[in-house]
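This report examines selected features of one protein structure. The reader is asked to keep the sequence and the model in view while following the text.

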Amino acid sequence: MLRRRKRSEIKESQNSGTQSDSEEKKEKKTNSVVGKSNESSDDLNLKNKKKERRKSWSCVDSCCWFVGCVCSIWWLLLFLFNAMPASFPQYVTEAITGPLPDPPGVKLAKEGLKVKHPVVFVPGIVTGGLELWEGYQCAEGLFRKRLWGGTFGELYKRPLCWAEHMSLDNETGLDPPGIRIRPVSGLVAADYFAPGYFVWAVLIANLARIGYEEKNMYMAAYDWRLSFQNTEVRDQTLSTIKSNIELMVATSGGKKVVVIPHSMGVLYFLHFMKWVEAPAPMGGGGGSDWCSKHIKAVMNIGGPFLGVPKAVSGLFSAEARDIAVARTMAPVVLDMDVFGKQTLQHVMRMTRTWDSTMSMIPKGGDAIWGGLDWSPEGGYECSPKKTKNNNNQTGGQNRLGDLVNTSQALYGRIISFGKDVAELHSSKIERVDFRGAIKGKNLANATCHDVWTEYHDMGIGGVKAVADYKVYTVGSLLDLLHFIAPKMMKRGGAHFSYGIADDLDDKKYEHYRYWSNPLETKLPNAPEMEIFSMYGVGVPTERAYVYKFSPSPECYIPFQIDTSAEGGNEGYCLKGGVFSVDGDETVPVISAGFMCAKGWRGKTRFNPSGIRTYIREYNHAPPATLLEGRGTQSGAHVDIMGNFALIEDILRVAAGATGDDLGGDQVHSDIFKWSERINLRL
């Protein structure tokens, strides 16, 4: 600025000198001519000054003005936001959309509902906060600061250090030497995932409306990266949950608890119910009647009982539909030098140390998920119909799904290499078995080993063998994962199982590796307990993938979702390389609903005491305007936690209602029809 100012002063002095010389010459002319020339010289000087100003303006000045304008507008909006009355957003919303309904807590408080049963929340994967208790020098100053949840500030400041601390030991599945990360405790552990992005906060606020407070609400926080049994080995989390539930029952006059797990928390609590009754040292030693004495109802939200296909794509290529689309729109972004080399490779290396992700690998094999030429959802079409309002839904098996079922997508082929393979009849597919393939020369050099996970051991020969097998069902999926990630699956195999039990009385099923698989374990002997399966429907949900083989000599993941693979007609459920089916965007209907629709319905070998089960589906209705935020009728996997109809159901049960009082089943999908297509001995 100083240099520009000096330049302008020098130029002005030069202009003034020139002007004086011209005036001396013009004095020799007549007065009338002098007047006219003075007038023209003033105009000329103004034009010269404007030209000089234009020449001195640079791109830096433009950028500074732009940044200044953005910052000024931002600070003005921030000031107005903090200065406006708290009721102003609601006033504007009501002026546009009309009067808003009362929140469930307010509505039920007017009806006279009050606190009765203590409530236990069990958060899912990634939604619980994690804080640092011990770390390396690069994490100096972060003691008891959140590394997961909150603002994620450290991810942007020191990404390599953050990824190193968030990873677990690849051999033990526990803390690496010198690092201790522990779950945040209390309701704040998972009320908000990030500022403004609620998880449990809306439900907690509505419970408070009918009289609940922290003494009768408990967040069963745990380190969601660990295998379920390792949360007890390292942190004694299962013992803590047991003692807290016993205390809540004792201090509430013997009233049993209502447990509300979400997402992976559903599998975690399923594991807990077996652990708490199993004898020590493997179990909690509570006895075979512990659940019967302490639990009134388990209200599972978005439960991946039988796993999710999304876990397959995450472990296979660190992708899902959203990431694949982002890669197509901006090919270089996910391979930028954010983490020192490639972002996705570091993400894969970190997440493959999280044993909990293996709990969500699809269970039940081809009998549940379908084979090469069939699937329970066969005939499903993705043609949208008009969305029904949740408030007008009726109970029963009415199957009012948002999507009509006439398509012929082969969902049983969970991974296909090429769209043609995904559509061909199985007899026409030429496959080369990868199981006996010799892993060839390394794909990556030594500089890649810190990000390459286990693919660098496979070489071109091993990677090509995976692609030559062409198509994978859930039945061949475990062999694939053992081939591409032997270290990960060795750890996972010690803690999780994915089959269907032939004889549930076999002594081997007393081991904890079977406890989170509902097809290999029995429900507790608690006939008075109720189990709800509550989930959203009407949202396209990932079910199967079309992949492409993309070998590279550099440190890249050799498999990618083929985003160029598209469906041939409007109703065909293939878009961007992903086959979609009905669900809540993360969990397909068949995984969330099958056990309560058929596997546990009535007295079965999986439910010997005949615990009553209910399906409560919530038809997805997106927010009508931006002012509604994430919506009060959403059926999406996390946003459903703010669904007024779901919250009302939970509050009624917590206040003493039963499943029959709620109206029994509330069904909008084809879950009962699809369940009947699954041939499972009950």
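A disulfide is counted here when two cysteine sulfur atoms lie within 2.5 Å of each other. In general terms, a disulfide is a covalent bond between the sulfur atoms of two cysteines. The structure discussed below is a predicted model.

## Disulfide between Cys138 and Cys161

Across the whole structure, a search finds two disulfides. One of them links Cys138 with Cys161, with an S to S distance of 2.1 Å. The link of Cys138 and Cys161 is right-handed, with 75° about the S-S bond. Cys138 belongs to the loop between strand E2 (130-134) and strand E3 (146-148), while Cys161 belongs to helix H7 (residues 159-166), so the disulfide ties together parts that are 23 residues apart in sequence.

Are these two cysteines buried or exposed? Cys138 has a relative accessibility of 32% and therefore counts as partly exposed, because the partly exposed class lies between the limits of 20% and 50%. Cys161, with a relative accessible area of 8%, is buried.

## Disulfide between Cys382 and Cys573

A disulfide also joins Cys382 and Cys573, whose sulfur atoms are 2.1 Å apart. This link of Cys382 and Cys573 is right-handed, with 120° about the S-S bond. Cys382 is found in the loop between helix H16 (365-369) and strand E10 (396-397), and Cys573 in the loop between strand E15 (559-561) and strand E16 (574-575); the pair therefore ties together parts that are 191 residues apart in sequence. Cys573 counts as buried, at 3% relative accessibility.

## Further cysteines

Why does Cys64 not bond to the closest cysteine sulfur? That sulfur belongs to Cys63 and is 6.9 Å from the sulfur of Cys64, which is too far for a bond. Cys291 is buried, with a relative accessible area of 0%.

## Packing of helices H5 and H22

Two packed helices are described by the angle between their axes and the distance between the axes. For helix H5 (residues 104-111) and helix H22 (residues 644-654), the axes come within 9 Å and cross at roughly 40°. H5 and H22 are therefore oblique to each other, and their crossing is right-handed.

On the side of H5, the contact is made by Pro104, Gly105, Lys107, Leu108 and Glu111. H22 contributes Phe644, Ile647, Glu648, Leu651 and Arg652. Grouped by class, the contact of H5 with H22 comprises five nonpolar, one polar and four charged residues.

Definitions and conventions. Residues numbered from 1 in each chain as written. Predicted model: local features only at pLDDT ≥ 70, side-chain atom pairs only at ≥ 80, totals over all residues. Heavy atoms only, no water. Axes fitted to C-alpha atoms, helices over the stretch in contact; angles between N-to-C directions. Helix = DSSP H or I, 4+ residues; strand = E, 2+ residues; numbered from the N terminus. Parallel < 35°, antiparallel > 145°, perpendicular 65-115°, else oblique. Left-handed = near helix turned anticlockwise from the far one by under 90°. Contact = heavy atoms within 4.5 Å. Nonpolar A, V, L, I, M, F, W, Y, C, P; charged D, E, K, R; others polar. Buried < 20%, exposed > 50% of the residue type's maximum accessible area, 1.4 Å probe, protein only.
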